[in-house]
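Reader: I would like to go through the chain contacts and the nonpolar core of this structure. Could we begin with the contacts?

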Amino acid sequence: MNDGTSSPGTRVLGALTLIGMAVLLAFALVISPADETQEETVRMFYVHVPTALVAFGAFFLTVAASVGYLLRRSEGWDVMAGASAEVGAVLLAATLVSGMLWGRVTWGVYWTWDARLTLTALLFVLVLGYLAVRRLPLERERRSRLAAVVGLLLGPATVACHYATTWWRTLHQGPTITTADAKMDGTMLFTFFLGMVVFGLLYVWLLVHRFRVLWLEHRVEDLGLDEAIAERRREAVGVS
Amino acid sequence: MEPAVHLRGAVSLLGRFPALAGVDLDVATGEIVLLRGPNGAGKTTLLRCCAALLPVTSGEAMVLGHDLAGLTGPARRALRRQVGLLAHATGLYDELTVADNVAFWARAAGADRADAEAAMTRLELDGRLRDVAVGRLSAGQRRRASLAVLLARRPALWLLDEPHAGLDQAGRDLLDGLIGDGARAGAAVVLASHERDRAESIATRTVTIAGGTIVDDSVVGAAPPVATGARRAP
Amino acid sequence: MLRDAALVAGKDLRLEARSRVALNQVAPFALLVLMLFAFALDPDRGILARVTPGLYWVAVLFSGLLAVQRAFAVESTDGVADALRLSGLDPAGVFLGKVAAVAVQLLALEVLLGLGVVVLYGADPSSVALLVPTCLAATLGLAAAGSVYGILAAGLRVRETLLPLLLLPVLAPVLIAATSAFESALGGFPGEGWRWLGLLVVFAALYTGLGLATFGVLLEDG
């Protein structure tokens with residue numbers, strides 16, 4: 001037993017993430033050029049889009065793990081679903097905040113009632129609801145079962161949110177990478193992919209730690225079960 | 001013939017509390033087992049485990065030929081359909097009439113309207129009370145309505161939690177008659193009761209539970225009593 | 001499964017016929033919402049005409065929430081939850097039965113609210129061809145999603161607060177789509193509305209499917 005939830009693997013992962021963040025900052029703020037139309041504000045893009053995409057990925061993992069739990073009823077899937085949703089919620093919060101700042105600069109307002117923004121905000125609330133279900137004071141097995149269904153139901157919302165820009169042609173700019181490859185400068189494209197990798201690493205790093213913490217919380221709950229049974233049986237002494 | 005209930009080292013957790021801490025119990029069909037013990041001994045938990053309403057965390061648990069571990073949807077439903085549970089709560093919709101309630105639960109379990117009518121007649125609910133909303137009945141009348149539902153569902157395993165509570169003298173006699181008839185018809189009956197004299201007079205066996213374990217399991221040897229109610233179910 | 005659904009739906013409608021909670025409490029509440037909006041927005045017909053579709057569906061959404069809460073409150077009292085699990089009813093049948101009963105009550109409510117917006121807000125309901133299927137699809141979606149989250153929250157002590165938190169964000173697409181469909185129908189350009197109707201149909205089908213698949217898990221709960 002060591003004292004924390006880290007292992008050699010996660011230490012390497014953590015170091016890579018931190019170094020990656022530093023490199024990403026350098027590329028995003030200094031090395032990559034300003035955009036022709038968006039000018040300096042384009043730098044927001046390297047945080048905004050990777051956090052959004054990684055958050056969507058995190059929620060898909062929650063959905064998949066929820067299905068896994070419903071099929072197998074094994075604790076690992078349940079813990080995985082919860083850990084992924086927590087980290088995803090943090091990333092999605094970063095997406096919303098960076099998006100609002102970016103919106104203030106380019107559109108002049110923090111918020112517009114565009115389909116994608118609205119759906120993303122709703123997705124965030126849904127995830128908060130999911131996390132609320134996970135904290136209900138219930139027997140673990142029952143809570144896991146309820147959470148798995150709510151987690152599964154995050155699926156349609158995540159999909160709708162992800163494809164909102166395609167389905168409703170709105171104010172929000174479309175999926176830049178797939179439609180406008182030619183427009184993007186090589187360095188910008190590299191910075192974007194670097195952002196994806198770094199936020200991906202950050203996600204995995206945090207996920208592993210959250211998974212281990214939640215797992216240990218369950219172990220603590222189990223601790224002393226044999227003792228509790230023995231104590232319960234002692235109540236019987238003297239009754240006949 | 002295999003027993004209706006077969007438990008070996010059954011443990012059941014309520015949260016982290018082991019309400020059952022290793023129970024060994026067999027109940028044969030036609031038996032009337034009285035479960036007694038102090039408050040908090042695990043009587044209600046044991047009944048709920050037998051109804052597959054609470055999971056048995058470890059140990060062996062067979063009920064009506066179904067292994068409770070790994071019981072899945074359709075099998076669990078088939079088992080539960082054969083279980084009649086009379087608990088502290090009525091399990092009835094307060095705003096529906098007695099007749100509507102009994103008919104709904106009977107038909108849900110695959111019985112028909114005739115079963116429901118017969119059960120209400122047997123519990124003497126076929127008169128004025130028939131069309132009264134359950135929420136407006138007295139506690140004893142509600143208990144009779146719950147019993148009518150149990151009877152109409154024709155369960156193979158009767159699980160009765162303090163069945164005498166709230167019933168008047170006539171109601172208690174009627175209940176004892178029903179239990180005897182049920183056991184003679186091949187149902188296994190487990191009843192938890194503090195009313196030692198009355199319950200022991202109908203039980204074929206008395207089991208004492210304390211601290212989530214069986215501490216005494218003795219055969220009383222009384223024959224199931226003959227029904228005393230004036231009217232009989234067809 | 002359909003037999004069980006009919007049994008449950010019949011029981012729920014009978015319960016409503018006896019208790020009249022939807023009629024005596026939910027329906028007046030829905031009308032009250034309409035009136036309050038009109039007051040709050042200053043009864044200038046110009047504004048009201050523009051926001052009628054949104055107000056209508058917000059009123060439906062809130063009163064639908066009450067209807068769902070009521071429909072599942074009766075299943076969680078006094079041992080009924082246990083009785084339901086012991087009943088032997090097919091969970092998918094219970095789900096369909098609850099959805100049907102909630103949907104019937106919602107449709108009645110929508111007709112009432114429809115009369116309300118015609119009389120109070122002066123809306124022109126002539127594009128029936130679009131309005132009626134929109135109502136049907138939106139209602140099915142509301143009832144299906146509502147039933148999934150309704151049973152999920154039913155057994156919990158925090159159900160009154162948890163249900164809106166879980167359900168309202170999920171129902172937002174229904175609100176948006178039904179409002180947009182109504183806007184185009186009432187605005188006299190129904191062509192636009194069919195796309196939104198399609199979205200409502202997809203939503204209803206999706207949540208009906210999810211409900212059928214997960215109701216067993218939610219119901220076996222204990």
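Author: Certainly. In this predicted model, 11 residues of chain A are in contact with 16 residues of chain B.

Reader: Which helix gives the largest share of the side of chain A that touches chain B?

Author: That is helix α10 of chain A, residues 225–234, which contributes five residues.

Reader: And how does that side divide by class?

Author: The side of chain A that touches chain B has six charged residues, four nonpolar and one polar.

Reader: How many residues of chain B are in contact with chain C?

Author: There are 26 residues of chain B in contact with 20 residues of chain C. On the chain B side, α2 (73–81), β6 (83–86) and α3 (98–108) each supply at least two residues. By class, that side of chain B has 14 nonpolar, eight charged and four polar residues.

Reader: Turning to the largest nonpolar core, which residues touch the most other members?

Author: The core has 225 residues, and those touching the most other members are B:C50, B:V102, B:A148, B:L157, B:L159, B:V189 and C:L200.

Reader: Which helix gives the most to this core?

Author: Helix α6 of chain C, residues 128–154, does so with 15 residues. From chain B, domain 1 (1–82 + 155–234) and domain 2 (91–154) each provide at least three residues.

Reader: What does B:L159 touch?

Author: Leaving out residues up to four places away in sequence, B:L159 touches B:L47, B:C50, B:A51, B:V83, B:G84, B:L85 and B:V190.

Note on methods: Residues numbered from 1 in each chain as written. Chains lettered and ligands numbered in written order. Predicted model: local features only at pLDDT ≥ 70, side-chain atom pairs only at ≥ 80, totals over all residues. Contact = placed C-beta atoms within 7 Å. Helix = DSSP H or I, 4+ residues; strand = E, 2+ residues; numbered from the N terminus. Nonpolar A, V, L, I, M, F, W, Y, C, P; charged D, E, K, R; others polar. Core = buried A, V, L, I, M, F, W, Y, C linked by C-beta atoms within 7 Å. Buried ≥ 20, exposed ≤ 12 C-beta atoms within 10 Å, placed from the backbone. Domains from an automatic or database assignment.
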